[in-house]
Amino acid sequence: MSTATNDGASAKAKKKRSATPATPVIPNAVYRAELFRLQTEFVKLQEWVRHSGARLVVVFEGRDGAGKGGTIKRITEYLNPRVAPIVALPAPTDRERGQWYYQRYIAHLPAKGEIALFDRSWYNRAGVEKVMGFCTPQEHVLFLRQTPIFEQMLIDDGILLRKYWFSVSEAEQLRRFRARLNDPVRQWKLSPMDMESLYRWDEYSRAKDEMMVHTDTPVSPWYVVESDIKKHARLNMMAHLLSTIEYYDVERPQVTLPKHPIVSQNYQRPPRELSRYVDDYAATLIGTAGRAE
């Protein structure tokens, strides 16, 4: 009886999906070209930050599997990690649990000429900590009250703060988790905590809604990124962030290179036998590749 009911529901769901027109997906060639253009602009933004002494904080939040990490990876691909580090903190230590909640995040805020990209942030308390019971109701209420004040202090001190929420549908999140399950290079991304998020979808939704009510303020708004299509989400978020900052091209010093390598007559390289060289593993693959072709 139960199986028949589930099959009927499944058939109805399939029929409903087929009746809904598919969202057009950007062609790969167009995506790659636009991604590179935006990455070039992020290099310009980085140089403007260094030159002007600006401080930029970008907060990436959203459900597990929503595409935050992939977007951060594309943003930072050509950036200087010393200028634009990724801040992805582990679970707090016992000592950190005894600190003011924001204290461990403050340590990673940028100095002049730096960008900090928070892959999850102080908003852990509004989501996973509340839903999973890692904080008390009193701590959660205090967080909702203090966070707008905390962010106002950052902005008043001159920090450029941008907050992005990556919104993924329940079906797409499940699809991505299933893809990770048997992927040897992405299995580590699937944790017991991720599985809990599947069974607590409504709880996370209510927690997110409550967070938005209290922390989506005129001076520190949330920007929602629809992320069911990863490529679209990356381009949309990157283009939007760039559009919110009045950066400009920074003139770089001219560098003159010699036409030929400069050879010194006073140096003689030691014999090769005195050094330990890494084996040429790549050479062993050349013949294998030829036979495979």
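Two strands are said to pair if DSSP finds at least two bridges between them. That definition applies throughout the account of the sheet that follows, and the model described here is a predicted one.

Strand β2 comprises residues 86–87, and 2 bridges join this strand to β3, with the two running parallel. One of the positions concerned is Ile86, whose bridge partner in β3 is Leu117. On the approach to this strand, Pro85 is found in the loop between α3 (68–76) and β2. Pro85 counts as partly exposed because its relative accessible area is 30%, a value between the limits of 20% for buried and 50% for exposed. From Pro85 to His108 the separation is 23 residues in sequence and 9.2 Å in space, C-alpha to C-alpha.

Strand β3 also pairs with β1, to which it is joined by 6 bridges, again in a parallel arrangement. Within this pairing, Val59 has Phe118 of β3 as its bridge partner, while Val58 stands opposite Leu117 in β3. Leu117 thus appears in two of these relations, with Ile86 as a bridge partner and with Val58 standing opposite.

The wider sheet may now be set out. Strands of a sheet pair through backbone hydrogen bonds, either parallel or antiparallel. In this model 5 strands form an open sheet with parallel pairing, in the order β2-β3-β1-β4-β5. The edges are occupied by β2 and β5, each of which has a single partner strand, so one side of each is left without a neighbour in the sheet.

Several residues of the strands also contribute to an internal space. The structure holds 1 cavity of 30 Å³ or more, and the volume of the largest cavity is about 40 Å³. Its lining consists of Phe42, Leu45, Leu56, Val58, Ile75, Leu79, Ile115, Leu117 and Leu241. The elements giving two or more residues to this lining are α2 (28–52), β1 (55–62) and β3. In character, the lining residues divide into 9 nonpolar, no polar and no charged. Val58 and Leu117, which stand opposite each other in the strands, are both among the residues that line the cavity.

Beyond β3, the chain enters the loop between β3 and α6, where Arg120 is found. The phi angle of Arg120 is near 75 degrees, a positive value in a residue other than glycine. Arg120 counts as partly exposed because its relative accessibility is 24%.

Attention may now pass to the aromatic residues. A search of the whole structure finds 18 aromatic pairs. One of them is formed by Tyr102 and Phe143, which are stacked, at 6.1 Å centre to centre with 15 degrees between the planes. This pair links distant parts of the chain, with Tyr102 in the loop between α4 (94–97) and α5 (103–106) and Phe143 in helix α7 (residues 137–156), 41 residues apart. Tyr102 and Phe143 are each buried.

A further pair, Tyr123 with Trp222, is edge-to-face, with 4.7 Å from centre to centre and 65 degrees between the planes. Here too distant parts of the chain are linked, since Tyr123 lies in the loop between β3 (114–119) and α6 (128–132), whereas Trp222 lies in strand β5 (residues 222–226), 99 residues away. Both of these residues are buried. The four residues Tyr102, Phe143, Tyr123 and Trp222 belong to one aromatic cluster, whose members also include Trp100, Tyr101, Tyr105, Phe118, Trp122, Phe150 and Trp165. Phe118, the bridge partner of Val59, therefore connects the description of the sheet with that of the cluster.Pro221 lies in the loop between α10 (201–215) and β5. With a relative accessibility of 23%, Pro221 counts as partly exposed. Pro221 and Phe36 are 185 residues apart in sequence and 28 Å apart in space, C-alpha to C-alpha.

Two arginine residues are placed over aromatic rings. Arg63 lies over the face of Trp201, at 3.5 Å from the ring centre. The charged end of Arg272 sits over the ring of Tyr277, at 3.9 Å from its centre.

Key:
Residues are numbered from 1 along each chain as its sequence is written. This is a predicted model: local features need pLDDT of at least 70, side-chain atom pairs count only at pLDDT 80 or more; totals for chains, interfaces and linings use all residues. Side-chain values use heavy atoms; hydrogens and water are left out. Rings of Phe, Tyr and Trp (its six-membered ring) pair if their centres lie within 6.5 Å; planes under 30 degrees apart count as stacked, over 60 as edge-to-face and the rest as tilted. Helices (H or I, at least four residues) and strands (E, at least two) are DSSP runs, numbered from the N terminus. Buried means under 20% relative accessible area, exposed over 50%, partly exposed in between (1.4 Å probe, protein chains only). A charge sits over a ring if NZ of Lys or CZ of Arg is within 6 Å of the ring centre and within 35 degrees of the ring normal. On a 1 Å grid over the protein atoms alone, a cavity is a set of points where a 1.4 Å probe fits but cannot get out, and a pocket is an open set with protein on both sides within 12 Å along at least five of seven lines; lining residues have an atom within 4 Å of a point. Grid points are joined across faces, edges and corners, and a volume is the space filled by probe spheres set on the points. Ala, Val, Leu, Ile, Met, Phe, Trp, Tyr, Cys and Pro count as nonpolar, Asp, Glu, Lys and Arg as charged, and the others, Gly among them, as polar.
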